[in-house]
Amino acid sequence: MMLVEAQGRVVYPTTADTTQNVLDRLIGLAEKVLDLVTYNPDSSRYSFAVYPAASYGHRTGLEVGLMPIMQSKSYTDRQSSIVMGLLVSTKKMWEVQLDMDLYPTEDITMVGKIEWMRLPDEYYLMGNGKKDVAAEMLTRTLSANPTMMMRVGKSNWEAGPTLRYYYASYKDIEARDEAQQYQIEALLDNSSCSSFGLGLRVRRDTRDNNDWPTSGSLFDYEIDGWRNANYGKFLNFMTMTTDYRKYFSLKKTVLAAQAYISNASGKTPMHLLPTFGGTRLDRAVGHNLKYLGDIAWFTQVEWRTPLFWRLGATVFTGVGKATDAAKEAFKDAHGVIGAGLRFKVFPKSGMNIRLDYGRGTHGDHGFYLNVKEAF
């Protein structure tokens with residue numbers, strides 16, 4: 001072993017020093033690799049990166065693709081961003097998505113998402129308990145939900161109109177139970193349509209950062225009136241969502257909490273019914289159309305902490321339910337517990353790529369790789 005002489009004494013290098021040296025070398029190598037896919041000069045307001053994307057989910061299987069990300073410093077304390085996804089999967093899924101969160105001026109907010117998906121899909125019967133796949137089919141969807149909000153005076157409130165479009169097509173429907181074939185075909189055919197929505201969105205945002213908030217809160221309310229193309233009336237159904245988030249700074253860590261509720265009335269297509277599953281609410285439910293109802297609610301808390309370099313970690317827990325009966329909204333609710341890793345996209349940014357695993361009380365579990373926090 002090499003000896004180091006200092007002030008007449010012989011010093012042996014410690015294991016901790018050796019480990020730190022190896023870690024520093026690995027981080028330096030990783031930074032050089034990331035520089036090849038990242039444009040992030042100090043002199044520019046804009047940052048751009050193209051990351052490979054890979055994740056696994058029950059609904060889609062193993063997904064691989066590319067994830068271009070653009071971020072810019074806004075005129076306010078917000079970070080504008082555009083995130084794209086180009087994905088294919090082992091279950092023959094194809095998906096293209098664009099997610100925007102823009103703050104062009106101090107008084108204007110523009111948010112929205114466009115998504116196209118084609119995949120061999122699964123249908124589950126209505127209900128809250130453990131359930132198996134009832135039918136298989138080929139699903140095609142196209143959705144868009146742009147919103148532009150204006151600040152109300154000098155306050156933290158903002159409001160503006162919402163535009164909504166959702167197209168869904170269900171083909172090659174094959175029920176597991178032959179006796180249910182006709183019933184399931186009729187229900188899914190009734191949901192195969194285009195739906196147009198127009199509404200109002202109101203927010204109060206006091207977060208210190210929209211990508212990685214450490215303090216403040218967000219109140220977000222939206223009401224939309226929809227026209228389902230399968231019916232003749234101008235207004236066939238309505239949807240409402242309320243989303244409240246609160247953030248507490250605990251030294252270098254953050255405690256985040258969320259309360260969410262959604263409800264629908266009228267002749268609502270299956271894919272627009274309220275749910276508590278997906279990548280942002282109950283992260284144990286890998287299929288966001290597995291549990292549906294006229295009312296869905298979910299509440300969760302998450303503890304977030306940095307680790308080292310660009311890495312961080314989270315643990316989370318939550319509870320929620322979807323139901324048709326308000327009096328049973330809290331009966332046999334679904335619980336979830338999970339943990340995740342975070343990777344900072346740009347060194348000075350709060351935007352993360354998140355890897356989450358959640359396990360639920362009704363036999364569900366999910367594994368996700370996404371950009372930005374769940375809430």
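## Val96 and the nonpolar patch

Val96 is found in strand 7. This is a predicted model. Val96 counts as partly exposed, because its relative accessibility is 38% and the partly exposed class runs between 20% and 50%.

Val96 helps to make a nonpolar surface patch of about 780 Å². The other residues of the patch are Leu66, Met84, Leu86, Trp94, Ile114, Trp116, Leu142 and Tyr167. Three elements give two or more residues to the nonpolar patch: strand 6 (79-89), strand 7 (94-105) and strand 8 (108-123).

## The chain as a whole

The protein chain has 375 residues, and 46% of them count as buried. It holds two helices and 20 strands. About 19500 Å² of the protein chain is exposed. Carbon and sulfur atoms supply 61% of that area.

Take the contacts between residues at least 6 apart in sequence. Of these, 53% join residues at least 24 apart.

## Aromatic pairs

The structure holds seven aromatic pairs. In one, the ring centres of Tyr165 and Phe196 are 5.1 Å apart and the planes stand at 50 degrees, so the pair is tilted. Tyr165 is in strand 11 (residues 157-175) and Phe196 in strand 12 (residues 193-205). The pair links distant parts of the chain, 31 residues apart. Tyr165 is partly exposed at 24% relative accessibility. Phe196 is partly exposed too, at 44%.

Phe276 and Tyr291 form a stacked pair, with 5.6 Å from centre to centre and 15 degrees between the planes. Both residues lie in the loop between strand 15 (253-266) and strand 16 (295-306), so the pair ties together parts that are 15 residues apart in sequence. Phe276 and Tyr291 are buried. Elsewhere, ring pairs link Tyr51, Trp309 and Phe343 into a cluster.

## Salt bridges

Side chains of opposite charge can pair when their charged atoms come close. The whole structure has 17 salt bridges. One of them joins Glu302 to Arg283, with the closest N and O atoms 2.8 Å apart. Glu302 is in strand 16, while Arg283 is in the loop between strand 15 and strand 16, 19 residues apart. Glu302 is buried at 1% relative accessibility. Arg283 is buried as well, with a relative accessible area of 0%.

Lys290 pairs with Asp364 in another salt bridge, at 2.6 Å between the closest N and O atoms. Lys290 is in the loop between strand 15 and strand 16, and Asp364 in the loop between strand 19 (352-360) and strand 20 (365-371), so the pair ties together parts that are 74 residues apart in sequence. Lys290 and Asp364 are both buried.

## A charged network

Asp356 forms a salt bridge with Arg342, the closest N and O atoms lying 2.8 Å apart. Asp356 belongs to strand 19 and Arg342 to strand 18 (residues 334-344), 14 residues apart. Asp356 is buried, with a relative accessible area of 1%, and Arg342 is buried at 2%.

Salt bridges link Arg283, Glu302, Arg304, Arg342, Arg354, Asp356 and Glu373 in a network. Two of its arginines also meet rings. Arg283 lies over the face of Phe316, 3.8 Å from the ring centre. The charged end of Arg304 sits over the ring of Phe375, 5.0 Å from its centre.

## Val319 and its contacts

Val319 lies in strand 17 (residues 311-323). It counts as partly exposed at 31% relative accessibility. Beyond its neighbours within four places in sequence, Val319 is in contact with Trp297, Phe298, Thr299, Ala333, His334 and Gly335. Val319 and Trp297 are 22 residues apart along the chain, and their C-alpha atoms are separated by 8.5 Å.

Notes: Residues are numbered from 1 along each chain as its sequence is written. This is a predicted model: local features need pLDDT of at least 70, side-chain atom pairs count only at pLDDT 80 or more; totals for chains, interfaces and linings use all residues. Side-chain values use heavy atoms; hydrogens and water are left out. Helices (H or I, at least four residues) and strands (E, at least two) are DSSP runs, numbered from the N terminus. Buried means under 20% relative accessible area, exposed over 50%, partly exposed in between (1.4 Å probe, protein chains only). Contact means heavy atoms within 4.5 Å. Accessible areas come from the Shrake-Rupley method with a 1.4 Å probe; for residues, only the protein chains shown count as cover. Rings of Phe, Tyr and Trp (its six-membered ring) pair if their centres lie within 6.5 Å; planes under 30 degrees apart count as stacked, over 60 as edge-to-face and the rest as tilted. A charge sits over a ring if NZ of Lys or CZ of Arg is within 6 Å of the ring centre and within 35 degrees of the ring normal. Patches are made of residues with over 30% relative accessible area and no salt bridge: like charges are joined within 9 Å, nonpolar side chains (Val, Leu, Ile, Met, Phe, Trp, Tyr) within 5 Å. A salt bridge is a side-chain nitrogen of Lys or Arg within 4 Å of a carboxyl oxygen of Asp or Glu.
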